[in-house]
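Here's a quick tour of the fold, written for someone who likes to know the cut-offs behind each term. Have the viewer open while you read.

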Amino acid sequence: MSDSVTANEKINPNKLSKAQKIIRQLQKELPQYIANGSGPFLAAIYDANGNLIAKEANSVVSEICSHNHAEMNTIRAAEKKLKTYDLSSYNLSLYVTAEPCIMCLGGIMWSGIKEIYYGVPSKRVEEITGFDEGFKPDWLNEFKKRNITVYGNIEVEKGEEVLQNYVLQGHTVYKPERS
Ligand SMILES: [Zn+2]
């Protein structure tokens with residue numbers, strides 16, 4: 001099962017199985033967020049003891065803001081809750097149902113998050129939905145250099161199903177025009 005997982009560190013089976021459980025739970029909750037006008041991405045930040053610090057979906061459409069991706073919303077909520085713009089001393093992990101886009105990689109880097117676990121890879125997100133994920137050359141290695149651990153392609157099949165349903169239901173795929 002872990003064969004298909006991408007990682008920039010040696011895979012720790014305990015961390016991976018914990019991440020699979022959390023991402024499955026996020027996937028399960030997503031249809032409710034979508035029904036309420038947000039999604040189709042959901043992120044959560046946990047501390048090393050397994051306490052949930054923040055959990056947010058993307059809200060670009062409902063809150064009319066192009067920055068409001070799930071990761072950015074979740075980092076913002078965590079910083080507010082912990083009353084700091086530097087999360088690095090908290091040893092936090094971010095779990096998200098799809099690979100972070102170019103903007104969110106920047107947001108994660110500046111936040112001090114130490115570990116990332118993501119579901120559906122960007123290529124598949126773009127193929128299924130038409131969302132633009134941006135250009136991200138060699139980001140796994142760049143994050144490794146900054147001591148940010150990344151595990152990806154976790155619970156992909158179910159994650160793709162959620163995205164397919166979002167498109168089938170006719171929800172907005174937002175991106176700037178490129179004319
Ligand atoms: Zn993003």
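## Strands 2 and 3

Let's start with one pair of residues: Ala43 has Glu56 in strand 3 as its bridge partner. That bridge is one of 5 joining strand 2 (residues 42–46) to strand 3, and the two run antiparallel. Strands count as paired if DSSP finds at least two bridges between them. The two strands form a hairpin with 5 residues between them, and Gly50 in the turn has a positive phi of about 85°. Of the 6 residues of strand 3, 5 are buried, so the strand is largely enclosed by the rest of the structure. "Buried" here takes 20 or more other C-beta atoms within 10 Å of a residue's own (12 or fewer is exposed, in between is partly exposed), with C-beta atoms placed from the backbone.

A word on ground rules: this is a predicted model, where local features need pLDDT of at least 70 and side-chain atom pairs count only at pLDDT 80 or more, while totals for chains, interfaces and linings use all residues. Residues are numbered from 1 along each chain as its sequence is written.

## The whole sheet

The hairpin belongs to an open sheet of 6 strands, ordered 1-6-5-4-2-3 with mixed pairing. Strand 1 (6–7) and strand 3 (52–57) stand at the edges with a single partner strand each, so one side of each lacks a neighbour in the sheet. Strand 1 pairs with strand 6 (residues 149–152) in the antiparallel sense over 2 bridges, with Ala7 opposite Tyr151 of strand 6.

Strand 4 and strand 5 run parallel and are joined by 5 bridges; Ser93, for one, has Glu115 in strand 5 as its bridge partner. Strand 5 is mostly covered, with 6 of its 6 residues buried. Helix 6 (residues 156–168) lies across strand 4 and strand 5, at about 65° to strand 5. Axes are lines fitted to C-alpha atoms (for helices, over the stretch in contact), and angles run from 0 to 180 degrees between N-to-C directions.

## Helix 3

Which residues of helix 3 (residues 102–111) are buried? They are Cys104, Leu105, Gly107, Ile108 and Ser111. They cover an arc of only 165° around the axis, which puts them on the same side of helix 3; the arc is that of the directions from the helix axis to the C-beta atoms. Their cover includes helix 2 (70–82), strand 4 (93–98), strand 5 (115–120) and helix 5 (139–145). Just after helix 3, Gly112 takes a positive phi of about 90°.

## The core

The largest nonpolar core has 44 residues, and Leu94 and Tyr95 touch the most other members. Helix 1 (residues 13–35) gives the largest share, 6 residues. Such a core is a set of buried Ala, Val, Leu, Ile, Met, Phe, Trp, Tyr and Cys residues joined through C-beta atoms within 7 Å. Leaving out residues up to four places away in sequence, Leu94 touches Ala43, Ile45, Glu71, Thr74, Ile108, Ile113 and Ile116. Contact means C-beta atoms, placed from the backbone, within 7 Å.

## Overall

Zooming out, the protein has 6 helices and 6 strands. These are DSSP runs numbered from the N terminus: helices are H or I with at least four residues, strands E with at least two. Buried residues make up 40% of the 179.

How values were computed. Contact = placed C-beta atoms within 7 Å.
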